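Let's take a look at charged side chains that pair up, and then at how two helices pack. Have the model open while you read.

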Amino acid sequence: MNSQPEKSPFNAGETLCELTSPLTVLLLGSGGRECALAWKISRSPLLRHLYIAPGNGGTGAYGENVALSPLDFPAVEAFVKAHGVDMIVVGNEDPLVAGIWDYFNGREGAPLIVGPSQAGAQLEGSKDFAKQFMVRHNIPTARYQSFTAETLAEGEKFLESLRPPYVLKADGLAAGKGVLIIDSLDEAKSSLREMLSGMFGKSSATVVIEEFLKGIECSVFVLTDGNGGYRVLPVAKDYKRIGEGDTGPNTGGMGAVSPVAFADSEFMRKVEERIILPTVNGLIAEKITYRGFIFLGLIEVEGEPMVIEYNVRMGDPETEVVMLRIASDLLPLLHAAACGNLATMPLDIDPRYATTVMVVSGGYPGSYPKGKVITGIKEAEMSATLFHAGTAVAEAGELVTSGGRVIACSAYGKDLDDALAHSFEAAKALQYEGKYFRTDIGADLRLIEQTAR
């Protein structure tokens, strides 16, 4: 743990924190989340120019795609200097866990960075660190223990002390695939051995075993400035399973909805008092620099919020509905967070519902083909805003698939059914070989709303 606060990287450029002229922004990432962020940032009158690195087949509509790896920090630095970039917005977790904040820390003319230091990024980079942090700050979470190959026997005994199903998590980043939920004790023990033997490479050299929590999940996003100032963004719920009725293997996300019926004012009061404030204050108390997004993966257990996980960036596909519901200009909010003075910034929320339905490649989340020509874009855009995730522009100029999750169809509505109708209409309009999407996104929340009436 750091014994001293990390130095500000803005010593040489305090004028960056005086938002007196438009900003040149570099957004790092290539998915649907980054497309939604690019869409929102591009709408700001305070934007001079937006670069997206590397971007995808849709982000070019909102800025300039550049062939740059977010993990090649020297190349990012050279680009920043050559193009007068004022602020870097880090879309995905990998550069944060790798230490992009620390790389620029103290460098002459460093840009502002929206994202935590490497120490702060451990909230996502190490599940064991995150669980220990929650315990230190009395943040409600599932009972757990962590194990390595040397403590395998103790891990098996801990599994025996739990009721099924059993939750096993790779400690490090595993591209969203490092969590196993298993009903059989024998299978859980076998999986523990496989994980510790390298199932997820170095990421599962340590395995966190948790008690299973039964309830309904939601995603809460907080933008914080490292000085105690924060803003709570619209709450969303995503759908991870590939199949209807939440069946089949996990994916990166098949859809999302905002607002969330059960996340009412009383629930959110508990979230703020018991989770958000202890998290923000805990980071300050431990002298960890954190200026960016905190993703709280929550579960409601008999009316009480508990933390399943932290992420250190916005979620995907939740960003594709959250950005629609932020009525304020996002750019000055990001700028204030990076400068450490977010406390005075207003945040207005659009009262309408927003939904997104992800259209994916056939075979996903397993192996799938790429390069399938996509048609129906104009027709789909009549019903929804399209946030590209796995698309590319082929040499002939055609839009083609380049990933498992292809396009998020995001739409507003006066209520949940209205928004979903628009999202589904757009999903149906898109055409390419092997297209698939879930038709039951939001069905569980619709039932909750009907019951509440």
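A salt bridge here is a side-chain nitrogen of Lys or Arg within 4 Å of a carboxyl oxygen of Asp or Glu. Glu 304 and Lys 270 fit that description, with their closest N and O atoms 2.9 Å apart. This pair ties together distant parts of the chain: Glu 304 sits in strand β17 (residues 304-311) and Lys 270 in helix α9, 34 residues apart. Keep in mind that this is a predicted model.

How exposed are the two partners? Glu 304 is partly exposed, at a relative accessible area of 29%. Lys 270, at 11% relative accessibility, counts as buried, because the cut-off for buried is under 20%.

**The wider set of salt bridges**

In total, the structure holds 23 salt bridges. As a general point, side chains of opposite charge can pair when their charged atoms come close. Here are three of the pairs side by side:

| Pair | Closest N to O distance |
|---|---|
| Glu 304 and Lys 270 | 2.9 Å |
| Arg 269 and Glu 273 | 2.9 Å |
| Arg 438 and Asp 246 | 3.0 Å |

Where does the pair of Arg 269 and Glu 273 lie? Both residues belong to helix α9 (residues 265-285), 4 residues apart, which is about one turn of the helix. Arg 269 is partly exposed at 36% relative accessibility, and Glu 273 is partly exposed as well, at 46%.

The salt bridge of Arg 438 with Asp 246 has its closest N and O atoms 3.0 Å apart. It links distant parts of the chain, with the two positions 192 residues apart: Arg 438 is in the loop between α13 (416-429) and α14 (443-452), while Asp 246 is in the loop between β13 (241-243) and β14 (247-250). Arg 438 is buried, at 1% relative accessibility, whereas Asp 246 is partly exposed, at 39%.

Salt bridges also join up into a network, in this case one that links Glu 77, Lys 81 and Arg 107.

**Two helices in contact**

Now for the packing. Helix α1 (residues 32-42) and helix α11 (residues 330-339) pack at an angle of about 105°, and their axes are 8 Å apart. That angle makes α1 roughly perpendicular to α11.

Which residues meet there? From α1 come Leu 37, Lys 40 and Ile 41, and they meet Leu 330, Leu 331 and Leu 334 of α11. Sorted by type, the residues of this contact are 5 nonpolar, no polar and 1 charged.

Conventions: Residues are numbered from 1 along each chain as its sequence is written. This is a predicted model: local features need pLDDT of at least 70, side-chain atom pairs count only at pLDDT 80 or more; totals for chains, interfaces and linings use all residues. Side-chain values use heavy atoms; hydrogens and water are left out. Buried means under 20% relative accessible area, exposed over 50%, partly exposed in between (1.4 Å probe, protein chains only). Axes are lines fitted to C-alpha atoms, for helices over the stretch in contact, and angles run from 0 to 180 degrees between N-to-C directions. Angles under 35 degrees count as roughly parallel, over 145 as roughly antiparallel, 65 to 115 as roughly perpendicular and the rest as oblique. Contact means heavy atoms within 4.5 Å. Ala, Val, Leu, Ile, Met, Phe, Trp, Tyr, Cys and Pro count as nonpolar, Asp, Glu, Lys and Arg as charged, and the others, Gly among them, as polar.
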